[in-house]
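Me: Hi! I'm new to this one and would love a friendly walk through it. Can we take it bit by bit?

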Amino acid sequence: MTEKFHTVGRSAWRKDGLAKVTGAEKYTSDISLPRMWHARVLRSPHPHARVLSIDTSAAEAMGAVCLTFDDVPKVRYNERLVSVPDKLYKDRYVLPDKLRHIGEAFAAVAAPTEELAEKARRAIRVEYELLPPVIEPLAAMQPGSAQLYDKIFFGAEEIQVENNIACPRVIEVGDVDAGFAEADFILEQEFRTGGVYHAQLETKGVIVEPEADGGITVWPTTQSIHNTRILLGEIFDIPLHKINIKKVTIGGTFGSSIQTNSIIPICVALALKARRPIKLLQTREEDWHTHSRYPSIIRLKIGVKKDGTLTAGHMQTIADIGAHNTQAFPFLGVLAGFWVSLYKMPNLKYEGTAVYTNKVPVCAMRGFGAPQSHFAVEAMMDHIAEKLEIDPLELRLKNYIGLGDTFWGQGPTVRSVVKSDGVKELLERGADLIGWRDRPKPGTQSGRFVRGIGMARGFHTSGTGAPRPGEVIDYSSAFIKINEDGSVDVASSLMDHGGGSLDALAKIAAETLGVPYDKVGLSPVDTRTTAYDVCTHATRGVYVGGGAVHKVALQVREKLLKLAAQLLGAEPAALSIKPDEELGQGVIYAESVPGLSITVGEVASYARVNSMYTIQAADSLRQVNGPPAYVAHFVEIEVDTETGVIRPIRAVAGSDAGTVINPDMAVGQLEGGLIQGLGFAFYEDSRYDPDTGQPLSRGLITDGKIPTFGELPNVDNMVSFFAHTYEPTGPFGAKGIGEAAINPVAAAFANAVYNALGVRFTELPITPEMVLAALARKKVTTDEPSASEELLTPAG
Amino acid sequence: MTTPLLMNSHILVQEFDLHRPTSVAEAVALLEQYNGQAKVLAGGTDLLVNMKLERAQAEQVIAIGRIKALKQITAGPDGLAIGPLATFYDLQQSEVIRQTYQALHEAAKSVSGTQIKMMGTIGGNLCNASPAADSAPALLLCDAQVELTGVTGPRRVDLAEFFTGPGQTVRQANELLTGIVLRPPQPTEGSAFLKLGRVGADIAKVSAAVRLVRDGQKVAECRLALGSVAPTPVRARLAETRLAGQPFDLALAEVAAQTAAQEIIPITDVRSTAAYRARAAQVLVRDALLAAWDRSSR
Amino acid sequence: MKKELINLTVNGETYELLVVPNELLLNVLRDRLHLTGTKYVCGIGECGACTVSIDGALMLSCLMLAATADGSEITTIEGLAGVDGQLDPVQEAFLDHGAYQCGYCTPGLIMSSKALLQENANPTEAEIREFLRGNLCRCTGYSSVVRAVQGAAGSMRAEGG
């Protein structure tokens, strides 16, 4: 598909490559400003407490500038502005009125050096009133349990929080009771997934410089410079034209900076008070205490006919959101959306409840509910296939939502019709590559080391677009100009997590304008010189961000060709542009008229020399679809039945990303997603002491392990491939990939474990301790499934 | 330990005086002078981490990295002498250790990452005295002795007596660990070390080290040591008695492994459960026995 | 605390610095010498992002007192490319194989990979993975790095270097 393109689909050195491999790339922590002071934050040692008194006099005597609740604007807000204003649950202040989790920032100091700031921080005297902590979500929901909140805001309306329920969400389609009545079999199971720390390598940080006119310049770790700007303007009542958020390279985020993290407004407040630049960096142990993935409890009930047709589904979920509501409401919607968009279910009911607990607040992490719901659904589909004696791939192909179907993607207000679908190719090729037909029968193997093959499929939406705008703001902007030498500047406020989205945008610009890729530059940007982009999340970077670049590049191309046509004495419609690597220019020419050509640089230079104009355009784009980026994973694992240790042997990842703009970076997404999914499946869980609320790892990555070089399959045993599809609504046919790359992975691994051992784990992570315990139980009760395994009731 | 929220891993908050002696005599004199208030800094991979975590406090730090004489690994007829500043990487790369002290080689290799191996010293590992210390089980196999030097001169202590509890040893505050001595290997011996972590680069959940001396088809002599399953690294002495003098086969190995698993007192902590550690220890001991026996005949 | 005058040779240049005992080498490199390529990620020796080469050995600069590096020769990521900007083969291989994404672990990984290849010109995959085990990455899933190291090994052997 990409053979007809000159740039899109080709691998090339990334534009940030030289800086990154030589250590020259600058992240927030690498920036220093004259007169800059350093800040440290005081964080709650208690999961639930009131601050009775706070004495900063000793800190101030050291010369530190201090910040407490009294110093901050009493504006209530939600850190994440992706949702429309009237759907925002606002429970935050810049510094909180009450302490609701271990690690909650409630005071801050700034001093000339970090060492002095550290001393000042430790000199602050606090008197606490301890309150009973609620750690377990089910306990938190009980009437009479300690309440985290009294009143919060929903949009502009003050609402009462009852029983620590942050928000409920119920969605119904059709008639579930009738649907279950129609079923020949009903399966019901409860699944749990753990809290996972993003473990992005760069700990979050920010530098704020107060400007002479009362404005601020900010260098933050963020996934949205514009949302950060809007929020700061709202909190500090500074007009947006005086707030400049600089785009700074980020060292990974995986969702942890979709929201404007608490250190950012804290640092603004400190900088305004101190009247000098302030740098605030989180240590790793602090960073751990500020966000994690949504742990989940999912109860799933599916009704199915003998022939494998799904008739009804009922999902109940408890989302333990920790101490703050960052995006619980959209999360519940997205979890539902990902569930109902995997397979056709004419009757369904979804009941989600988000619950406050005195733990680290959760926020989106790569997949945002999809890894959790994929785990439940794909395990269930495997289970159904086994019970009905239908091939698992056939069952999926029969029921999946694909070409021509309407799907929800990220929730009920984000619906579109599927226009490109590579699922069949993914399943057939993946099955081939792993040797699906030759896999063993579950639980039939003996010996110490047993292997199993498992698969799971899924998707992520490419952005959150829909025919009509809904609860989720989603659009991007771009500004493109042709420089006087024929090179091109592309200014996009889209953030690149590191996966190479911006390079895709540069390629789209190069392809559209017909200029060599190495003549397209990605401009350093900030909020004062760019138009809005909502955020790099929801796998929207290429599809929407790139879509905006494509739209604007077409506008620039039109202007370019109009002037070129004048100069050549031709019609614009007769002209083409293609890059000439030797000349280092795009060449505008008329087909079949040899000699009639001019370079892009010559046209731009003409415009300058004749005092005309810069060839430029700026615009925004909202996509009206959120096409599914389908994906399928086929994996083989080996279990040491004596130690319970599981290791991955082979992995096949197939992606339907439409036109693959950056092939090697797309492979990078698949490989990275696979290992993150591996971590989710087998290693990662942030657990808390149920009585004290103390995280067992204490926030130290010594006990918060993520996969290392040792945990992956041999590189030759990892295969990534792409389906041959073209998404008509995406720039040059592209869709997304980032989160699709992780969504079904844990499910595939869990299904592989079932294939190997005949034991179905419904809780993640699957640790060696759990494996040995399950194998021991299996030896004792070979015929009866244990109570926790399943409830199988033939209906009718 | 201070809650991590009061710590700061980005800088070293503690303030102290730093000394950088260039000889053992100088170092020992400093330890004597600051009796109890000084901490010895070798590779830094334990002390600096503990200081950042505020598990260790020091007003005086004595950095011994400049005492080059403490870095040697020397094999002789009386055995192997290892200087305390020998790093895990030095141990891993040492040909004589790879050939004749296989368990120690494997233990060094198992240390979490190359950087830690190149910085971390065996002396530091022993003095830090974690129950999970990677070097200890393998050294216990060789009836290792440590040399402790104070102002009055050196003394030798059996490694088996060296550890007294988690993080505690018989080393006095005014003594420097100046050497480790291992028995010379016998021609018909083999050893092995196995470790289980959560991921490849990790502190051990459980580790096992075995050394067998073969006499024909019989076990002439055996040493069995375990890590992370007791307050200190320990010998599984009951299991050793099951093996001594017996003809070796898989069944014997299973019995010995079972005995070893019953001798230990593992705990449940953030890394693993007591039950799992006991079960896994049994598997590791059996596997290590088989490997050591196999090597003893090469 | 008493200030001490030390000499550090970093990337071929010698600096005379007054340091206090508790100053970490990582922060001296980053904040005083403005060599910000070496990163802070965990501070407790678990991640390898602060890896530098000192007298030929790989060290975690976040766990080193600057004073104890007195008199040593230190190479950081900034010192790998030639003075004319010519990339080290390992750096080129990382670019060729797209063996990075956010780039935060990249300096430490490149330093470690270089040390590996200096010691073992033809490492197997198992050897590569074992040697680099102390370097964490959250983005790439590691495979592209293995391929880059294999590629660098190949090109270094081809050059006879």
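**A chat about salt bridges, helices and surface**

Reply: Happy to! A good place to start is chain B, where the side chains of Asp202(B) and Arg198(B) meet in a salt bridge, 2.9 Å from N to O. Keep in mind that this is a predicted model.

Me: Are Asp202(B) and Arg198(B) buried or exposed?

Reply: Asp202(B) is buried, and Arg198(B) is buried too. Buried here means a relative accessible area under 20%.

Me: Why would side chains like that pair up?

Reply: Side chains of opposite charge can pair when their charged atoms come close.

Me: Which residues of chain B are linked in a network of salt bridges?

Reply: That network links Asp143(B), Arg183(B), Glu189(B), Arg211(B), Glu221(B), Arg223(B), Arg235(B) and Glu240(B).

Me: And how many salt bridges are there over all chains?

Reply: The count comes to 72 over all chains. One in chain A joins the side chains of Arg299(A) and Glu188(A), at 3.2 Å from N to O. Arg299(A) lies in strand β15 (residues 296-304) and Glu188(A) in strand β10 (residues 185-193), so this pair ties together parts of chain A that are 111 residues apart in sequence.

Me: How accessible is Arg299(A)?

Reply: Arg299(A) counts as partly exposed, because its relative accessibility is 29%.

Me: Let's move to helix α12. What does Glu428(A) form a salt bridge with?

Reply: Its partner is Lys424(A), and the closest N and O atoms are 3.2 Å apart. Both residues sit in helix α12 (residues 423-434) of chain A, and because they are four residues apart there, about one helical turn separates them.

Me: Are those two buried or exposed?

Reply: Somewhere in between! Glu428(A) is partly exposed at 41% relative accessible area, and Lys424(A) is partly exposed at 49%.

Me: Which way does helix α11 run against α12(A)?

Reply: The axes of α11 (residues 392-399) of chain A and α12(A) come within 11 Å and cross at roughly 175°. That makes α11(A) roughly antiparallel to α12(A), because angles over 145 degrees count that way.

Me: Which residues make the contact?

Reply: From α11(A), they are Leu393(A), Arg396(A) and Leu397(A). From α12(A), they are Val423(A), Lys424(A), Leu427(A) and Ala431(A). So Lys424(A) turns up again: it takes part in this contact and in the salt bridge with Glu428(A).

Me: New topic: where is Phe449(A) found?

Reply: Phe449(A) belongs to strand β20 (residues 449-461) of chain A. With a relative accessible area of 44%, Phe449(A) is partly exposed.

Me: What does Phe449(A) touch, leaving out residues up to four places away in sequence?

Reply: Phe449(A) touches Glu638(A), Val639(A) and Asp640(A). Also, Phe449(A) and Gly644(A) are 195 residues apart in sequence, while their C-alpha atoms are 9.7 Å apart in space.

Me: Back to the surface. Which residues form a nonpolar patch there?

Reply: Leu567(A), Tyr606(A), Met612(A) and Tyr613(A) do, with about 340 Å² of accessible area together. Leu567(A) is part of helix α14 (residues 541-568) of chain A and counts as partly exposed, at 30% relative accessibility.

Me: Last one: which residues of chain B does Glu769(A) touch?

Reply: Glu769(A) touches Lys205(B), Arg271(B), Ser272(B), Thr273(B) and Tyr276(B). Glu769(A) is in helix α18 (residues 768-780) of chain A, and it counts as buried because its relative accessibility is 15%.

Technical notes
Residues numbered from 1 in each chain as written. Chains lettered and ligands numbered in written order. Predicted model: local features only at pLDDT ≥ 70, side-chain atom pairs only at ≥ 80, totals over all residues. Heavy atoms only, no water. Patch = residues over 30% accessible without salt bridge, like charges linked within 9 Å, V, L, I, M, F, W, Y side chains within 5 Å. Areas by Shrake-Rupley, 256 points an atom, 1.4 Å probe, with all protein chains shown as cover. Salt bridge = Lys/Arg side-chain N within 4 Å of Asp/Glu carboxyl O. Helix = DSSP H or I, 4+ residues; strand = E, 2+ residues; numbered from the N terminus. Buried < 20%, exposed > 50% of the residue type's maximum accessible area, 1.4 Å probe, protein only. Contact = heavy atoms within 4.5 Å. Axes fitted to C-alpha atoms, helices over the stretch in contact; angles between N-to-C directions. Parallel < 35°, antiparallel > 145°, perpendicular 65-115°, else oblique.
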